[in-house]
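Please consider the structure shown below together with its sequence. The paragraphs that follow lead from a single residue to the helices and then to the domains.

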Amino acid sequence: MPRVTERGRVYRTDAIVLRRSDLGEADRLLTLFTAQRGKLRVVAKGVRRPGSKKAGHLEPFTLVNLLLARGRELDIITQAEAVRTFPQIRADLLRLGLAASVAELIDRFGIQESDSLDLFQLAADTLDRLDREAEPEAALRYFQVRLLDLVGFRPELFRCVSCSNEARPVDQFFSLSEGGLLCPSCGPQREQARPLSLPALKVLRHNQRNSYEQAARPKLSPTVAQELDGLLESYLSYLLERELNVPRFVRQVRRLKESSVYS
Ligand SMILES: [Zn+2]
């Protein structure tokens with residue numbers, strides 16, 4: 001008597017490969033993000049053997065269609081076909097770093113829910129934008145702001161989280177622990193509040209309220225871009241209760257690009 005029915009033994013899913021590690025002699029352990037089952041750890045057997053047909057379809061940050069067989073502990077990939085390989089991400093260190101940021105955030109937030117369709121769509125769209133946009137950093141910022149919404153930490157950007165007054169169009173403060181704006185009266189009274197300039201606030205609001213196409217704006221000044229990246233990184237690290245690894249790598253790549261070493 002088989003212990004599982006034939007009908008329930010295999011299933012098909014679209015997935016994004018978040019990361020991988022070696023397992024045994026020739027296998028790999030993959031961390032996937034799927035639309036139907038959230039984050040999933042599975043085994044790819046034999047993919048480190050020369051000539052493995054599946055290997056090329058299972059690179060990190062690839063969108064892949066999989067047939068999986070239920071295993072006793074981890075499910076096993078039986079077929080893999082890349083749907084999108086995002087070649088520009090692979091060809092450019094900065095784009096690769098930004099894609100790694102997307103993967104790190106999904107992995108760290110550890111989304112295990114059965115219904116991750118919105119986040120899956122956002123992640124797939126973001127990889128597509130990182131692959132083709134001239135200014136890929138804007139796509140990562142949009143992802144970060146929308147991710148905060150989808151994981152339940154939407155920051156308050158319109159009212160002061162302390163006095164509830166509607167924010168006037170001037171520079172404000174931001175509280176990581178209270179998850180939103182502090183007005184110019186309340187901000188200076190909080191030790192951990194950090195300044196938030198009006199131009200940076202406007203970009204955050206656009207990303208929070210609009211579609212990517214509507215939110216996309218001409219190139220930001222380097223000062224505003226740096227302020228936004230710093231704030232988003234700090235807020236996400238605060239929520240995750242640990243520092244993120246990838247942003248440091250992205251900063252190094254940016255410095256290299258700005259010098260003449262790398263173009
Ligand atoms: Zn206030």
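Where is the place of R168? In this predicted model, R168 sits in the loop between α4 and β6, the latter covering residues 172-175. Is R168 buried or exposed? A residue counts as exposed if 12 or fewer other C-beta atoms lie within 10 Å of its own. R168 has 10 C-beta neighbours inside 10 Å, and it therefore counts as exposed. A further distance helps to place this residue: the C-alpha atom of R168 is separated by 44 Å from that of A91, and the two residues are 77 apart along the chain.

The discussion now turns to helix α2, which comprises residues 93-109. The helix has 17 residues, and at 1.5 Å a residue these should span 24 Å; the C-alpha atoms at its ends are indeed 24 Å apart, so the expected and the computed values agree. Of the 17 residues of α2, 12 are buried, which means that the helix is largely enclosed by the rest of the structure. Among the buried residues of α2 are R95, L96, G97 and L98 towards the beginning of the list, together with L105, I106 and F109. After α2 comes G110, a residue with a positive phi, near 55°.

Two other helices form a packed pair. Two packed helices are described by the angle between their axes and the distance between the axes. For helix α3 (residues 117-132) and helix α4 (residues 136-150), the angle is about 170° and the axes are 9 Å apart. Because angles over 145 degrees count as roughly antiparallel, α3 and α4 are roughly antiparallel to each other. On the side of α3, the contact is made by D118, L119, L122, T126, R129 and L130, and on the side of α4 by P136, A139, F143, R146 and L150. Sorted by class, this contact of α3 with α4 has seven nonpolar residues, one polar residue and three charged residues.

At the level of the whole chain, the domain assignment gives domain 1 as residues 10-85 and domain 2 as residues 88-258. The C-alpha centres of domain 1 and domain 2 lie 29 Å apart. To the contact between them, domain 1 gives 14 residues and domain 2 gives 16 residues. The side of domain 1 that touches domain 2 receives at least two residues from each of β1 (10-23), β2 (27-34) and β3 (38-44). On that side of domain 1, the residues divide into seven nonpolar, four polar and three charged.

How values were computed. Residues numbered from 1 in each chain as written. Predicted model: local features only at pLDDT ≥ 70, side-chain atom pairs only at ≥ 80, totals over all residues. Axes fitted to C-alpha atoms, helices over the stretch in contact; angles between N-to-C directions. Helix = DSSP H or I, 4+ residues; strand = E, 2+ residues; numbered from the N terminus. Parallel < 35°, antiparallel > 145°, perpendicular 65-115°, else oblique. Contact = placed C-beta atoms within 7 Å. Nonpolar A, V, L, I, M, F, W, Y, C, P; charged D, E, K, R; others polar. Expected span 1.5 Å × (residues − 1). Buried ≥ 20, exposed ≤ 12 C-beta atoms within 10 Å, placed from the backbone. Domains from an automatic or database assignment.
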